[in-house]
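Me: Please pick one part of this model and take me through it closely. Give me the overall picture before you zoom in.

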Amino acid sequence: MAPLRFQDDGGDLQMKTRILGRTGAAISEIGFGAWQIGGSWGDVSEEDGKRALDAALDSGVTFIDTADVYGDGRSEKIIAAVLKERGGEKPFVATKAGRRLNPHVADGYTGANIEAFIDRSLENLGVEALDLVQLHCPPTDVYYRPQFFGALDQLKAKGKIRHYGVSVERVEEALKAIEYPGVATVQIIYNVFRQRPHDLFFAEARKKNVGIIIRVPLASGLLSGKIGRDTAFAADDHRSFNRHGEAFDVGETFAGVPFEAALEAVEELRALVPADVPMAQFALRWILEQEAVSVVIPGARNAGQAQSNAAASALPPIGGAAREAIAALYQRLIKVHVHQRW
């Protein structure tokens with residue numbers, strides 16, 4: 001597949017592609033995370049969400065990640081509307097299922113329940129089959145129930161899903177998940193503040209040709225360098241209401257790093273970022289140094305953010321000295337807070 005191209009104020013830049021593990025799909029290495037256009041990030045209007053997605057697609061993005069609970073289906077419906085209006089070749093769209101369970105417990109993960117969630121996503125997205133459905137951070141016990149993964153194989157055989165994978169909170173869950181031959185992808189948090197996945201998991205996933213989707217790449221915006229101690233977040237923004245894991249796993253908010261410790265690390269990181277490169281692009285480029293990574297899925301609240309995220313694909317590799325400094329920063333300021341927890 002030829003590299004995709006896009007126009008930016010800086011001229012003609014190149015979006016690189018990677019293979020999404022055993023799915024065989026060639027996708028842009030920068031994707032579009034559609035949580036922000038669904039909800040839990042403050043006020044993002046439907047029109048802003050559509051413009052952000054359009055900008056990402058215009059910038060060469062060919063992978064979109066969403067979930068059925070993002071705005072109770074709002075994110076999926078926005079994606080469907082944008083793709084219908086654009087027409088032409090469709091990008092690869094991954095969604096997630098499972099978090100609609102109430103209570104969200106392992107026993108709720110049955111073939112019948114997941115099929116009902118899949119049917120709802122098929123309708124929301126306006127498609128006959130889902131490119132990829134991911135279990136949405138299920139309880140750890142689910143990974144020890146082979147009969148449930150057999151049910152996913154049956155849904156694939158029925159033609160409702162083309163591939164299935166998992167979105168995990170912990171490295172241990174990821175390692176357990178890839179024991180199942182039907183698991184084509186794993187979505188996991190990995191960024192400058194969450195480095196544990198590259199210790200073991202990436203190598204194991206590569207051995208089994210499992211695609212790796214990286215979420216929370218900017219630590220909920222901290223690694224953009226634009227958040228400070230005085231930054232105010234809306235009441236319906238998870239960076240306000242989930243600081244301590246009140247609503248879901250705290251690792252999804254600021255990557256689980258205590259706010260003050262994270263700000264200190266960001267200030268040290270700032271000195272390593274080239275003057276002409278936004279910190280967010282630098283942080284995305286750092287992730288892409290890992291060949292095991294298939295795609296990184298930063299979110300965007302507007303078109304400008306989407307375009308800037310996509311431009312990270314064209315950055316040159318980060319020098320060895322900077323990589324070593326980032327590793328040392330993690331060891332000194334961040335590791336104690338997150339490494340063994342996730």
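Reply: Starting from the outside, the chain has an accessible surface of about 14,100 Å², and 48% of that belongs to carbon and sulfur atoms (areas come from the Shrake-Rupley method with a 1.4 Å probe; for residues, only the protein chains shown count as cover). Keep in mind that this is a predicted model: local features need pLDDT of at least 70 and side-chain atom pairs count only at pLDDT 80 or more, while totals for chains, interfaces and linings use all residues. Numbering starts from 1 along each chain as its sequence is written, and side-chain values use heavy atoms, with hydrogens and water left out.

For 342 residues, a compact globule would have a radius of gyration near 20 Å, and the chain agrees with its 19 Å (taken over C-alpha atoms; the rule is 2.2 Å times the number of residues to the power 0.38). Buried residues account for 58% of the 342, where buried means under 20% relative accessible area, exposed over 50%, and partly exposed in between, with a 1.4 Å probe and protein chains only. The chain has 11 helices and 12 strands (DSSP runs numbered from the N terminus: helices are H or I with at least four residues, strands E with at least two).

Now for the close look: one end of the sheet. Eight strands form an open sheet with parallel pairing, in the order β5-β6-β7-β8-β9-β10-β11-β12. At its edges are β5 (32–33) and β12 (295–296), each pairing on one side only; pairing takes at least two DSSP bridges between two strands. Edge strand β5 runs parallel to β6 (residues 63–65) over two bridges, with Gly33 opposite Asp65 of β6.

On to the next pair: β6 and β7 are also parallel, joined by three bridges, and here Phe63 stands opposite Phe92 in β7. Strand β7 (residues 92–97) is largely enclosed by the rest of the structure, because six of its six residues are buried. Phe92, Ala94 and Lys96 point one way from β7, while Val93, Thr95 and Ala97 point the other way.

Finally, take a look at Thr66, in the loop between β6 and α2 (74–86). Thr66 counts as buried because its relative accessibility is 0%. Leaving aside residues up to four places away in sequence, Thr66 touches Ala34, Ser75, Glu76, Ile79, Ala94, Thr95 and Lys96, a contact being heavy atoms within 4.5 Å.
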